[in-house]
Amino acid sequence: MKDIDMIKKQALERFFSRMNPMQQKAVFRVNGPLLILAGAGSGKTTVLVNRIANMIHFGDAYNTTGQIFTDEEAAFIKDYAEGRTDDGKRLAAVIGVRQVRPWNILAITFTNKAAGELKERIEKILGDEGRGIVAATFHSACVRILRRECGNIGFTPSFAIYDTDDSKRVIKAAMRSLDIDEKMFPVKTVMSEISHAKDSMITPEEFAKEASGDYYRMNVAKIYKKYQKELLANNAMDFDDIICHTVTLFENCPDVLDHYQNLYKYIMVDEYQDTNRVQFRLVSLLSQKFGNICVVGDDDQSIYRFRGATIENILNFEDEFGCRPEDVIKLEQNYRSTQNILTCANKLISNNVGRKGKNLWTDCGDGDKVIVHKSMNERDEASYIAKTVSENNDNGRRFGDHAVLYRMNAQSNALEQAMIKAGIPYKIFGGLKFYDRKEIKDILAYLEVINNHADMFRLQRIVNEPKRGIGDATVRTIGQVSSDLGEDPIYVMAHSTEYVPLAKKSKALTEFAFMIEDLTDLSEEASLPELLDEVVEKTGYGAMMKQQGVEGEMRLENIAELKSTMTKYEEEAEDPSLEGFLEEVALYTDIDTLDENSDYVALMTMHAAKGLEFPVVFVAGMEDNVFPSSRSRDSEAELEEERRLAYVAMTRAKEQLHLIYAGERMLYGNTQYNRESQFIKELPPENIEKQVPKLDTAASSRRSGDISLGRQMAMFNSAKAAPTEPAESYSVGERVMHKKFGEGTIIGVTPMAGDTMLEIAFEKVGTKKIFANFAKPKKI
């Protein structure tokens with residue numbers, strides 16, 4: 001029999017035969033550092049899943065020589081290699097060596113959606129064995145560690161996770177207490193400064209030291225210090241803290257670090273090009289004992305510099321972790337897009353200097369050329385997109401096959417109106433998110449206080465919602481007494497008769513505190529949906545909503561949707577709890593709601609589209625000063641980031657790619673006249689098809705019904721003409737039928753510029769804004 005080591009390799013290559021040679025190379029590398037440069041659409045998730053399967057099933061069998069087998073085992077290995085048997089389980093039992101235990105693997109992704117997909121695919125291959133693997137986002141992995149270990153850094157396991165809105169309120173309170181003017185120090189700017197400091201692991205004390213002599217930064221340092229103090233007092237962390245505190249924990253507690261190094265002997269990080277400094281520090285600490293760190297990423301898709309991501313992490317990986325040339329594997333075969341799309345993307349990104357370099361290719365054929373379409377203005381652009389979508393739909397394509405990408409959220413207005421006018425179902429990602437709605441934030445605040453009695457800022461949100469006669473001054477006194485005594489605010493309220501400053505309000509305070517304590521007891525016994533029902537009823541929140549008529553009913557429907565989410569969470573979670581649910585909600589992202597089976601056009605920014613794919617993609621606003629943005633003109637680094645963003649947008653397309661630019665565009669109330677984007681000029685002429693409309697097309701798009709709301713109002717004001725009434729009048733509360741969206745209830749009526757804007761809550765597609773004269777919904 002020929003060399004058994006060679007036959008064993010052939011057997012393993014057959015087991016993983018669905019992958020190309022470079023993918024297999026990545027799968028068979030188990031130990032030591034490994035950098036996988038995975039081009040867009042190159043099947044990186046497949047590689048991650050199969051690499052984990054190989055580690056658990058076969059261990060390091062592929063690279064191990066000199067294994068001794070019986071004659072029967074050697075014959076079986078040969079039979080498998082030559083296709084005479086498919087018994088993969090026996091193959092693993094025969095040749096497996098130094099197999100990795102599932103719980104020794106930590107796979108880090110950037111979105112909950114990616115983590116969920118990874119877990120699902122791993123379990124599909126490995127069955128129950130795959131459930132021991134931890135596949136999580138950076139934040140959820142760190143929360144898991146902190147829930148167990150946070151006592152070492154001064155928190156209790158029930159700590160709250162503050163979102164941006166919560167953090168803003170804490171910072172505003174800190175600024176008031178420090179007598180710092182918001183006009184001189186805008187809250188958003190201060191928040192950004194603090195976030196960047198945390199990304200770089202700069203403490204408030206270090207920030208103050210570096211700010212010495214700089215008046216602005218010295219004041220930010222004071223706010224930063226006060227903010228962190230308030231978070232700790234409220235047993236709360238913001239998003240940046242979650243990773244920072246984990247790193248601090250590991251650096252200050254060697255025994256804790258050693259435990260997690262022994263637990264997670266194999267670290268895998270997806271989307272490594274989007275990591276920041278503190279994330280780099282985290283994976284460095286976890287992997288330094290055994291050195292088994294595998295990162296997957298694409299330097300050409302590094303697009304989160306504005307969030308603190310640093311492309312240097314992936315560009316310098318080999319130096320940081322001591323890689324040899326064979327420790328770097330490039331995946332260049334693309335399974336998503338046609339060659340014309342890839343050739344354009346390759347040519348575009350080749351203009352960047354700061355990259356490792358790769359060339360995507362496919363055997364899917366050339367496909368259609370990339371369409372470069374010139375529109376006269378943003379209305380014409382939106383009409384072209386809507387018309388193309390409708391034509392594709394008439395020819396058998398689903399609406400859900402289409403995505404419209406843009407650089408700025410401000411561009412979505414014209415696109416949304418065009419979809420409404422054409423009767424095309426759509427969903428905007430990045431608008432008002434479900435968890436940003438007032439009623440949802442209120443109910444979640446109640447649940448957070450039930451879970452964490454020390455959460456003073458969530459308490460402030462709901463203590464008087466509905467009205468209970470507990471004013472701001474009383475709430476501040478509760479906070480002061482709580483801080484002085486070292487007791488949580490619910491305890492202080494329950495014992496308010498004992499404190500002179502609170503005695504006058506003790507009836508309202510004790511009633512509220514006893515209600516929270518009762519609900520806390522209930523939370524330990526009842527299911528989450530049952531707890532939600534009790535919260536809505538006992539707090540009086542439901543009764544308050546019922547008094548608000550149609551709008552209140554809509555808000556109660558949203559709360560009912562939250563109940564559905566709770567039910568789903570309880571069905572899927574291994575050990576469901578209120579704390580676990582609140583944690584999942586806190587780490588939720590908008591794109592997690594993208595339903596690939598729903599039939600609607602997806603409208604989103606290019607940043608939000610990362611990691612997604614669609615058969616047909618429209619990229620709107622391909623003009624200089626829009627994309628690339630005007631901010632990138634004076635910075636080569638910024639321009640390269642914009643070019644990477646264009647590369648990401650283009651490689652979302654599987655079959656058809658439309659790049660659209662306008663001769664003029666109204667943005668933020670001003671009309672701009674920009675040239676076509678330099679990115680269009682960088683595309684290979686032989687792979688694109690240019691479309692320039694006739695002049696009369698532009699003229700027709702200038703009818704008032706096709707002009708933006710702001711422009712219609714300007715025309716109206718200049719002409720001093722009274723707007724005409726719509727053909728039929730509508731009132732809030734009326735039921736109507738729309739030809740595409742179905743039945744709905746009118747929740748808003750706004751006359752404007754010769755028409756009426758109706759806000760309608762549709763049963764099937766949610767709330768939409770439509771123009772009465774265009775849509776002509778029928779009353780039912």
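Colleague: Why is Glu613 called partly exposed?

Modeller: Its relative accessible area is 40%. Buried means under 20%, exposed means over 50%, and partly exposed is in between, with a 1.4 Å probe and protein chains only. The 40% of Glu613 falls in between, so Glu613 is partly exposed. The areas come from the Shrake-Rupley method, and for residues only the protein chains shown count as cover.

Colleague: What should I know about the model itself?

Modeller: This is a predicted model, in which local features need pLDDT of at least 70 and side-chain atom pairs count only at pLDDT 80 or more, while totals for chains, interfaces and linings use all residues. Residues are numbered from 1 along each chain as its sequence is written, and side-chain values use heavy atoms, with hydrogens and water left out.

Colleague: What makes Arg336 and Glu613 a salt bridge?

Modeller: The rule asks for a side-chain nitrogen of Lys or Arg within 4 Å of a carboxyl oxygen of Asp or Glu. Here the N to O value is 2.9 Å, so the pair passes that limit. Arg336 sits in the loop between strand E8 (328-331) and helix H17 (339-349), and Glu613 in the loop between strand E12 (601-605) and E13, so the pair ties together parts that are 277 residues apart in sequence. Helices (H or I, at least four residues) and strands (E, at least two) are DSSP runs, numbered from the N terminus. Arg336 is buried, with a relative accessible area of 13%.

Colleague: Why would such side chains pair at all?

Modeller: Side chains of opposite charge can pair when their charged atoms come close. By the salt bridge rule, the count comes to 58.

Colleague: Which partners does Arg458 have?

Modeller: One of them is Glu448, with the closest N and O atoms 3.6 Å apart. Glu448 lies in helix H20 (residues 438-451) and Arg458 in helix H21, so this pair ties together parts that are 10 residues apart in sequence. Arg458 also meets Asp455 in a salt bridge, at 2.9 Å from N to O. Glu448 and Arg458 are both buried, and Asp455 is buried too. Elsewhere, salt bridges that share partners join Lys44, Asp270, Glu271, Asp274 and Lys610 into one network.

Colleague: Why do Asp518, Asp521, Glu524 and Glu525 count as a patch of negative charge?

Modeller: Asp and Glu count as negative, and Lys and Arg as positive, while His and the chain ends are not counted. A patch takes residues with over 30% relative accessible area and no salt bridge, and like charges are joined within 9 Å. Each charge is placed at CG of Asp or CD of Glu, and at NZ of Lys or CZ of Arg. Asp521, in helix H24 (residues 506-523), has 45% relative accessibility, so Asp521 is over the 30% limit. These four residues gather in such a patch on the surface.

Colleague: Why is Arg98 called exposed, and Asn235 buried?

Modeller: Arg98 has 54% relative accessibility, so it counts as exposed. Asn235, at 6%, counts as buried. Each has a positive phi although neither is a glycine: about 50° for Arg98 and near 50° for Asn235. Arg98 is in the loop between helix H5 (88-95) and strand E2 (105-109), and Asn235 in the loop between H11 and strand E5 (236-238).

Colleague: Where are the cis peptide bonds from Glu465 to Pro466 and from Phe627 to Pro628?

Modeller: Pro466 lies in the loop between helix H21 (456-462) and helix H22 (472-485), and its bond from Glu465 is cis, with omega near 10°. Pro628 is in the loop between strand E13 (614-619) and helix H29 (636-650); the bond from Phe627 is cis, with omega near 5°.

Colleague: How do you know that Gly39 belongs to a "binding site"?

Modeller: That comes from UniProt, whose unreviewed entry places this feature at Ala38, Gly39, Ala40, Gly41, Ser42, Gly43, Lys44 and Thr45. UniProt positions follow the numbering used here, feature names are shortened, and annotations may be inferred rather than shown by experiment. From the model, Gly39 is in the loop between strand E1 (34-38) and helix H3 (44-57), and Gly39 is buried because its relative accessible area is 4%.

Key. Patches are made of residues with over 30% relative accessible area and no salt bridge: like charges are joined within 9 Å, nonpolar side chains (Val, Leu, Ile, Met, Phe, Trp, Tyr) within 5 Å. Accessible areas come from the Shrake-Rupley method with a 1.4 Å probe; for residues, only the protein chains shown count as cover.
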